There are 2 protein chains.
Amino acid sequence: MPYSDKYWQKEEVMPPKEIEELQFKRLKWVIRHAYDNVPFYRQRLKKAGVHPDDIKRREDIAKIPFTTKEHLRENYPFGLFAVPKEKIIRIHTSSGTSGKPKVVGYTRSDLENWINMVARCLYMVGVRERDVFQNMVSYTFFTGGLGFHYAAELIGAMVVPAGTGNTERQIRYMLDFGTTVIHATPSYAMHIKEVAEAMGIKPDEIGLKIGCFGAEPWSDNTRKRLEDAFGLKAYDSYGLSEMNGPGVAFECEEQNGLHIWADHYFIEIVDEEGNPAAEGEKGELVLTPLTKEALPLLRYKTGDITFIMDDECSCGRTHPKIHRILGRADDMIVVRGINVFPSQIEHVLMQIPEVGDHFQVVITRRGSLDELTVRVEVRDEIFTGELADLDKIRQKVQRELQKELGLRTNVELVEKGTLERFVGKAKRVLDLREEV
Amino acid sequence: MPYSDKYWQKEEVMPPKEIEELQFKRLKWVIRHAYDNVPFYRQRLKKAGVHPDDIKRREDIAKIPFTTKEHLRENYPFGLFAVPKEKIIRIHTSSGTSGKPKVVGYTRSDLENWINMVARCLYMVGVRERDVFQNMVSYTFFTGGLGFHYAAELIGAMVVPAGTGNTERQIRYMLDFGTTVIHATPSYAMHIKEVAEAMGIKPDEIGLKIGCFGAEPWSDNTRKRLEDAFGLKAYDSYGLSEMNGPGVAFECEEQNGLHIWADHYFIEIVDEEGNPAAEGEKGELVLTPLTKEALPLLRYKTGDITFIMDDECSCGRTHPKIHRILGRADDMIVVRGINVFPSQIEHVLMQIPEVGDHFQVVITRRGSLDELTVRVEVRDEIFTGELADLDKIRQKVQRELQKELGLRTNVELVEKGTLERFVGKAKRVLDLREEV
Ligand SMILES: [Zn+2]
Ligand SMILES: [Zn+2]
């Protein structure tokens, strides 16, 4: 079934020029498909004065207006679908915090493409038939669960459809079933580590080899902590339900950037005005799925901040790489006029050895001034020391944050176990400022 | 893909004689397979003085010792698997209330057989490409979720992987997505009905056509209530994870007995001593999966009480039918020496119009005497009536129970909404007698 020992599909090593040609051919197809079958797009393109036939070169994509998550919500549930209902064999939704959920649909061919893309990712980091794959994310509406489930099964690994919660049982199953690969959010993995320790089990004796972590931005320092704790290799997984789900981009064994499958997605990085970012500059990732029959979203604004890493990869794959997500445009906090991503705070904290694995960011307003307080768990052994030592750590954390963020923060050290743990996406920011 | 307009696979209408021949051929294979590849079975058969070659006629199966769920637990996790670990692509578990969980495994061929059996069931009751299938049971470890999910997807229905919980959202999705088929436990369906009413939505205006209900025994009177409430046709689904999961047996449109797929299961009904029950007599269902590579359980005692219905079915399917499950051997309550199944109580209650949809059975011991108390919700409009009316209803319920059970019970009427609701299997019996 796999193309070779190393690659799941032959498309992974297509010559770049061929990928570009295929991309452009498919781009024209998907614009035409959306125009012909989705009234929303026909009207939008007409209003923008652009016709599918006007797309003659790659650059012409800039003529097409962006699609946003608000458009998906406004057309709830099936308004942006491009095929009749009986062709759809799967629905996923993401509920979001406010308003209508985003609903996405798949034809049989969409599902096949999607699952093969996730299989490419798993195969890329070494998942094989002999592996035991414990899938510790939510199934049902969330694409992360079924997406990885189908792909690991397609490869032929022993799939343990674990879902979230009941962490002690998860750990017992890992030991009893000989689990070698896990899929989880990084924050849940941190939680598993703590629970294992409390059960008297050393995380690195569980036998895990590979960890796939996604659904929230995480830093290289967190990677190091996870790898040290479990003795595994930790890989960053990127995807979003609007682009099928997981499997859009994934780190290869180099752990230096995520290959993004350019035969299935047209990739752009744009600045805040929506203009193309300069080569190698960071900006918002904009994706156009090139093979999606059910839901052809043109120039979809992902809200994720990254940049294109323009170098050849020693793994042999020819698809471009994006840097791991720097933050979500949505998650950006503006404090006293300065833009702060929670991922920057995580990056600083996780490289300070005295700092534990959990933190919380609280934003308050005193008078007209915003205050950013970072609550940080410190390692157990620290709290047994002198008060003066604690204060030194506090000052160190504050100094490092100031260096990275250019912002003075309040730092509060708390004992291990004080802050909330998460089984899914972590919610680390508590914004207590009044709504304006 | 389907064999015809009416049947998913051609095996559904095989001449009975051919089914029997196929059954016996496969029976010999599975006994040999277990003997050759599972040390537990080799030892057990040797101890019983029986060799696979001794199985010369169907009746010879009686020489093989039974397998019980305790054997599965004792061989936790993979001790009864008959193939190497790398051939297994799926694990499910059922946690049970005490002791080790039961772990079941599947090869790729097992999964394919299983999903096609569930697809036979769904296709049999009319599920087609045009349908919207909302799967409202737990995914992950429970076989009911993924089993139905894969089958509905194979048929090509629009699958909404809903899982349990968040009932208001479930109802909104049914309306917004145009859901036509649901899969749930009967108790959760009852709960959905109540929540819809509380939202001001008439259940029969949701647009449901087909309901698949399983995972707990339920009565024909409950069927009538569900059908009246939602305006759908309600079908009984039977399965257990040790026999793949759902899809072992299922009602056809006749709603009179469940076709059990005799090309994949060898079917026996035994009495309490393990001897064959007389023709048409009720007893415990004993199943031997005939095609399962990963986990060939020989003569597995399901714990479910039923009988074989020996008549031709007008639907044209040639596979035998079992009566809907009368109760589980495990669920049987012994009160003052009399055997009572919760399903008998349900049967009585659901045919009394004044009685609501929920009840609870409480068993206590006063001195040396067991007391069985049935707490019953009555319909809203009843509680507005006279006290004397209430007492009349109470007496009526008591009388009907006495008739069915041969046992005097205490009956307590409570207001609607008093008793616990369940999203999965209902837990209706509360045994407060001290452990002996
Ligand atoms: Zn690479
Ligand atoms: Zn029939």
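No disulfides (pairs of cysteine sulfur atoms within 2.5 Å) turn up in a search of the whole structure, the total over all chains being 0. The structure is a predicted model, in which local features need pLDDT of at least 70 and side-chain atom pairs count only at pLDDT 80 or more, while totals for chains, interfaces and linings use all residues; side-chain values use heavy atoms, with hydrogens and water left out. Residues are numbered from 1 along each chain as its sequence is written, and chains are lettered from A and ligands numbered from 1 in the order in which they are written.

Several cysteines appear instead at the metal sites. Donors here are N, O and S atoms within 2.8 Å of the metal (3.2 Å for Na, K and Ca), and sites may look incomplete because water is not among the atoms. Around the zinc ion (ligand 1), the protein donors are A:C252 (SG), A:H259 (NE2), A:C313 (SG) and A:C315 (SG), at 2.1 to 2.3 Å. The angles among these 4 donor atoms run from 99 to 119°, and the site is tetrahedral. For four donors, that label requires all angles to lie between 85 and 135 degrees. Along the sequence, the donor residues of this zinc ion (ligand 1) follow the spacing C-x6-H-x53-C-x1-C. Relative accessible area gives a further view of the donors, with buried meaning under 20%, exposed over 50% and partly exposed in between (1.4 Å probe, protein chains only). A:C252 is buried at 0%, A:H259 is buried at 0%, and A:C313 is buried at 12%.

In chain B, the zinc ion (ligand 2) is held by B:C252 (SG), B:H259 (NE2), B:C313 (SG) and B:C315 (SG), at 2.1 to 2.3 Å. Its site is tetrahedral, with angles of 99 to 119° among the 4 donor atoms, and its donor residues are spaced C-x6-H-x53-C-x1-C. Distant parts of the chain are linked here: B:C252 sits in the loop between β8 (245-251) and β9 (258-260) of chain B, and B:C315, 63 residues apart from it, in the loop between β13 (308-309) and β14 (321-322). Helices (H or I, at least four residues) and strands (E, at least two) are DSSP runs numbered from the N terminus. Relative accessibility is 0% for B:C252, which is buried, 12% for B:C313, also buried, and 7% for B:C315, likewise buried.

The two chains can be compared directly. A turn of 180° and a shift of 0.1 Å along the axis lay chain A on chain B with an RMSD of 0.1 Å, which is the relation of a two-fold axis. In chain A, the C-alpha nearest the axis belongs to A:Y139, 3.2 Å away from it. The superposition is by least squares on the C-alpha atoms of residues with pLDDT of at least 70 in both copies. The copies meet through the same surface, because 100% of the interface residues of chain A are also interface residues in chain B.

Aromatic rings come next. Rings of Phe, Tyr and Trp (its six-membered ring) pair if their centres lie within 6.5 Å; planes under 30 degrees apart count as stacked, over 60 as edge-to-face and the rest as tilted. Over all chains, 21 aromatic pairs are found. One of them is the stacked pair of A:F78 and A:F81, at 5.0 Å centre to centre and 25° between the planes; A:F81 is buried, with 9% relative accessibility. Another, B:F213 with B:W218, is edge-to-face, at 5.6 Å centre to centre and 80° between the planes, and both B:F213 and B:W218 are buried. Residues of both chains take part in one aromatic cluster, made up of A:F78, A:F81, A:F141, B:Y173 and B:F177.

Some backbone features complete the picture. A cis peptide bond, with omega about -10°, joins A:Y76 and A:P77, and A:P77 lies in the loop between α3 (69-74) and β1 (90-94) of chain A. In chain B, a cis peptide bond joins B:Y76 and B:P77, with omega about -10°. Positive phi in a residue other than glycine occurs at B:N166, near 50°, and at B:A215, near 75°. B:N166 belongs to the loop between β4 (158-160) and α6 (167-177) of chain B and is partly exposed at 46%. B:A215 is found in the loop between β6 (210-213) and α8 (220-230) of chain B and is partly exposed at 36%.

Conventions:
Four donors count as tetrahedral if all angles lie between 85 and 135 degrees; four count as square planar and six as octahedral if opposite donors are over 155 degrees apart and all others between 65 and 115; anything else is irregular. Contact means heavy atoms within 4.5 Å.
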